[in-house]
Amino acid sequence: MKKELVALKINGRSCELAIEPNSLLLDVLRKDLDLTGSKRGCDDSSCGACTVLLDGVSMLSCTLLAASCEGQEITTIEGVSEHGSLAAIQKAYGDWGGAQCGYCTPGFIMTVKALLAENPDPSEADVRTALSSNLCRCTGYNQMYEAIRSAIRAERSAMAAAKECLLPRAAGFSDPVSRGVRNDKT
Amino acid sequence: MDNGFSIIGKPTAMVDAAYKTTGSGKYTDDLSLPGMLVGKILHSPYPHAHIKSIDTTRAEKLEGVVAVVIGKDAPNPYGILPVGHDEHALALDKVRYVGDHVACVVAVDDATADKALELIDVEYEVLPAYFDPEESMKAETHLIHDNKTHNIEKDYHHVFGDPEKGFAEADHVAEARFIANEVTHAAMEPHSTLASFELDPHTGKMGRLTVWSSTQVPYYLQHKLSLVLEMPMSQIRVIKPLVGGGFGGKSEVIPLEIIAAVAARKANAPVKITYTREEVFWAHRGRPRTIIDLKTGVRNDGRITSVKARVVQDGGAYCSYGVVTILYSGALLGALYDIPNIQYDGYRVLTNKPACGAMRGHGTVNVRFAFETQLDELAAEIDMDPAEIRQRNLLTPPCVTVNGLRVQSYGLPECIARTVERSGWKQRKGKLAKGRGLGIACSHYVSGAANSIIRSDMPHSTVNIKIDRDGGVVVYTGASEIGQGSDTMTAQIAAEALGCSLARVRVIAADTDLTPIDIGSYSSRVTFMAGNATLRAAEEVKKRIAAAAAKKMNCAADDLLFRDDVVSKRGSAPHAMKNNPGEEEETTQAGATVSGRVEGQILRGSLQQKRKDEGPKDWMTFEEAVVAAIDFHGALSGTGSYAPPQEARGGKHKGAGVGPSPAYSYAAQVAEVSVDEETGEVTVHKVWAAHDCGRALNPVSVEGQIIGSVWMGMGQALTEEMVWKDGMLMNPGLLEYRSPSSVESPEVEPIIVESIDPEGPFGAKECSEGSLAATIPAIANAIYDAVGVRLHECPFTPERVLAALRAKKNAKPLNLTEGIDPTAPVRFREHGGSLWFRGKGPQRHALDPSRREGPEPAGGAD
């Protein structure tokens, strides 16, 4: 098939690409741009490992034509880290065992990002419903819930700290999800 | 929580967590090489057929096709077990299951390769096929493998003690048939392999081969590649990138791993092959459908007197791990409870379906489901609390079981006690609302097989450690990280043993050129075996550092304490420089140390440093000690290896090699379920899961493994099942296979029990598999508690639960399958009347048992 030129905006950067009109976004990300964080786990849009954000909405990149994403803001897992450090949700997934083999993790993190953007204080049922778009075979999901709760807490205290930063005495902010502070469940 | 360690036992994020959460980590399919081609595989459409001819000319002529590989290109047989070399990379003269590998197209892109697959002309002569193991065992002609009479891969008949006498002594005997249907790993990462040859500078010809593959066993892959390609192992490098889950599905050599290498050789270019999800289902190697005829006798006091099991496994078309699976099924009847008499008859049967292999809880899960369910029935019969009957049959370790398994650490009593306590068993059992119930079950598993697949006295794991003047500790281990936390465990053990911080340790793993041999990540062996090897290597290096440091500090090496990046004399105040020992990993990254150097800059030796020194000190930093040791010894490295002790390697009977382990993990679980009596739907609300892992090296990982096992067990108990029709898999997708999503998944409360094994590294045993087997019977027993029906076939789908409920009420069975293809197997028909089961299926030979007239079509008489 003859290639056509498309302009995509991915993780805040614009790029022009010559792609076949029937190319899927996932293939363009993985093969043309080497953004291999989005994974292919199934043939039929059932696993969610390829989840990306399109203008903030979580979508399966394996069922999107890349050419149809022109003019939209595409965010992949590679665009989640903030200012050179792990985003709260990424740190929390590591600390709480939300990722084991890690193959489904990028998809889950994108799903959680979309969820929290829409609903910053989700109930357990909200979280379960949101996560049901993605499959994981390692974790049984339990530790993900803890990671998400912890990330929400971290975001909140980071916001509070950021506000305090406006005042001069705010030095010494410590990360609440660092290892030592992990509470044992009872 | 202070256990006397600075790293062991502390919740630790995995050392590779950031690769996974940022998407920067590379799995095999994420890799590419310049000039790389893709391979696509042509699979057999028939369950059993001779290949009369393959014509690839049309495909080869297609623009963009570089090569077409067929069986003749690599005719040597291989197989994971030395007794089971019955596979070929691509079929030579016969295909044995729908999905068997026939040819591989190498092309410039996926679309071209797909097009070329349709241009390969294969002429088949269809043969009668066997789909049900009990039918298959009667086969006289058209055998699946010519040398396996009656299609029996292997059968074992073991008698320990005097089973008949045991039954005579019993007050109650239960006997029943249990069926556990076939399940598969469905790891999230589809199998993928990238193979590339380099040109040899001396001969100018194709030389060394490098293979990147999603494997749990890089060294076995290296060995099998060497067999098939007729290359020395030293010319083959296998690298395991990140692996997206294995669960046993990547613990043997999968055809695409060999095909990729053969294709790269034929195409003279790097070739990558990645299975589609459907192909992953066909590749399978999962847990076989198992028919268990089980008989158990107990006395009125609850003591088990005798157990007799006849197990038939539907092994699929190739041996795979089959011989080991059927042996585990029998061997692991022992070592959980004290059973004085055991009779075991196991049959591993070949059928025309994808080969079954090793899956989490290898061999033990289905038999454990039967045993724990039957024990529950017997408890009800003698009117004893189900938790109590289990406590009445405990082993008294250290001991050797009647079938020759050595048990040392034994946390089962505490597992039972703690699940009973946490779940409120005593207060709540039998008192829940109608339709809601509690069930208990126990299980166990090996911490690595005491005998390796290729039997030898060589170590099962070897680990090298290098410490150089950068002060970094590099651990080289062949152990394969597949998501279970192998690399993290290695780093933790090395850091704890050397008394340095985790940040100092770097793990280089699973690269056959760089790392010493380790037989792989299977049978839950890594923590115990590779962990012990790491500990020994670290102890060796530490001894060398201690010798040099002791000299400097004017004391005996034994008087030195290594901890938190400080080497100090015992009794001195070693951690004065640290404000907060035990929680200070940050310090090492933070910067300058007392000597004024920035940490990590050991360029000058101790001669220069001595100028600053003022006589012997009470302590020195880890780096100073390393400098002293390099000065003293000239180089600093160490090696450790592990082979299981002779006493742990089992008895002398035929098949005694499988089952023995240096240590066993133990688990007890209580499940709380509710059953909708209208629909038959079972909901698991919560599982309390206690697991004796010896010592929890990293509690986050241990809990994750326990929860994951319970969850996977729940999948097998309730929804997961491979549905076959005449050798065709009806549900080769993650949705149809019904892997549970977050909405269907219960809360799991992991309870860590630490029995501190005398031989485990820091007392650790396995934690990744043992819990799975308890979940299925715990749910079955809870269903009985809830609605009073005993289910003997898993998964407990709404259809099966409803059928059991109606049978209990003597109601007419519901015919959910009216109008469905009457030739479909019975167990398939009960799957309901959806139209997609009605397809004609593959063309069948006139002699095919499934075309026989009569009410009981082959493959379905269960």
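**A friendly note on a two-chain predicted model**

1. Let us start with chain A. Of its 186 residues, buried ones make up 48%. Please keep in mind from the outset that this is a predicted model. The secondary structure of chain A amounts to 5 helices and 5 strands. Reading from the N terminus, you will meet these elements in the order β-β-α-β-β-β-α-α-α-α. Among contacts in chain A with a separation of 6 or more, 58% are between residues 24 or more positions apart.

2. How far can you trust chain A? Its mean pLDDT is 90, and 89% of its residues reach 70 or more. Within chain A, the element with the highest confidence is β3(A), at 98, while the lowest mean, 91, belongs to helix α5 (residues 142-165). The stretch to treat with care is residues 169-186 of chain A, where the pLDDT is below 50. This stretch still has 21 contacts in the model beyond near neighbours in sequence. Where pLDDT is low, the predicted coordinates should not be read in detail.

3. Next, the domains of chain A. There are two: domain 1 covers 4-78 and domain 2 covers 88-174. Their C-alpha centres lie 23 Å apart. Where they touch, 15 residues of domain 1 of chain A are in contact with 13 residues of domain 2 of chain A. On the domain 1 side, β3 (51-54) and β4 (57-60) of chain A are the elements that give two or more residues. The largest share there, 3 residues, is from β3(A). By class, this side of domain 1 of chain A consists of 7 nonpolar, 7 polar and 1 charged residues.

4. Chain B comes next. It has 22 helices and 31 strands. Of its 862 residues, 62% count as buried. When you look at contacts in chain B between residues at least 6 apart in sequence, 79% join residues at least 24 apart. Chain B is divided into three parts, each listed here with its bounds: domain 1 (31-127 + 189-244 + 250-283), domain 2 (149-184 + 285-452 + 649-803) and domain 3 (458-642).

5. Which elements give two or more residues to the side of domain 1 of chain B that touches domain 3 of chain B? They are α6 and β11 of chain B. In this contact, 12 residues of domain 1 of chain B meet 14 residues of domain 3 of chain B. The largest share of the domain 1 side, 4 residues, comes from α6(B). That side of domain 1 of chain B has 7 nonpolar, 3 polar and 2 charged residues.

6. Helix α6(B) deserves a visit of its own. Its 12 residues, 218-229, should span 16 Å at 1.5 Å a residue, and the end C-alpha atoms are indeed 16 Å apart. The helix is largely enclosed by the rest of the structure, because 9 of its 12 residues are buried. Among these buried residues are P218(B), Y219(B), Y220(B), L221(B) and Q222(B), as well as K224(B). The buried residues of α6(B) pack against β10 (206-213), β11 (236-239) and α7 (255-267) of chain B. Just after the helix comes E230(B), with a positive phi near 55°.

7. There is also a sheet worth finding in chain B. It is an open sheet of 6 strands in the order β7-β15-β14-β13-β8-β31, with mixed pairing. Its edge strands are β7 (152-160) and β31 (793-794) of chain B, each pairing on one side only. Further in, β8 (residues 172-180) and β13 (residues 289-298) of chain B run antiparallel and are joined by 9 bridges. If you would like a landmark for this pair, E175(B) stands opposite K295(B) in β13(B).

8. Finally, how do the chains meet? In the model, 50 residues of chain B are in contact with 44 residues of chain A. On the chain B side, α1 (17-22), α8 (277-283), α19 (699-718) and β30 (747-753) each supply at least two residues. The largest share of that side, 8 residues, belongs to α19(B). By class, the side of chain B that touches chain A has 21 nonpolar, 19 polar and 10 charged residues.

Note on methods: Residues are numbered from 1 along each chain as its sequence is written. Chains are lettered from A and ligands numbered from 1 in the order in which they are written. This is a predicted model: local features need pLDDT of at least 70, side-chain atom pairs count only at pLDDT 80 or more; totals for chains, interfaces and linings use all residues. Domain bounds come from an automatic or database domain assignment. Two residues are in contact if their C-beta atoms, placed from the backbone, lie within 7 Å. Ala, Val, Leu, Ile, Met, Phe, Trp, Tyr, Cys and Pro count as nonpolar, Asp, Glu, Lys and Arg as charged, and the others, Gly among them, as polar. The expected span of a helix is 1.5 Å times one less than its number of residues. A residue is buried if 20 or more other C-beta atoms lie within 10 Å of its own, exposed if 12 or fewer, and partly exposed in between; C-beta atoms are placed from the backbone. pLDDT is the predictor's confidence in each residue, from 0 to 100. Two strands pair if DSSP finds at least two bridges between them.
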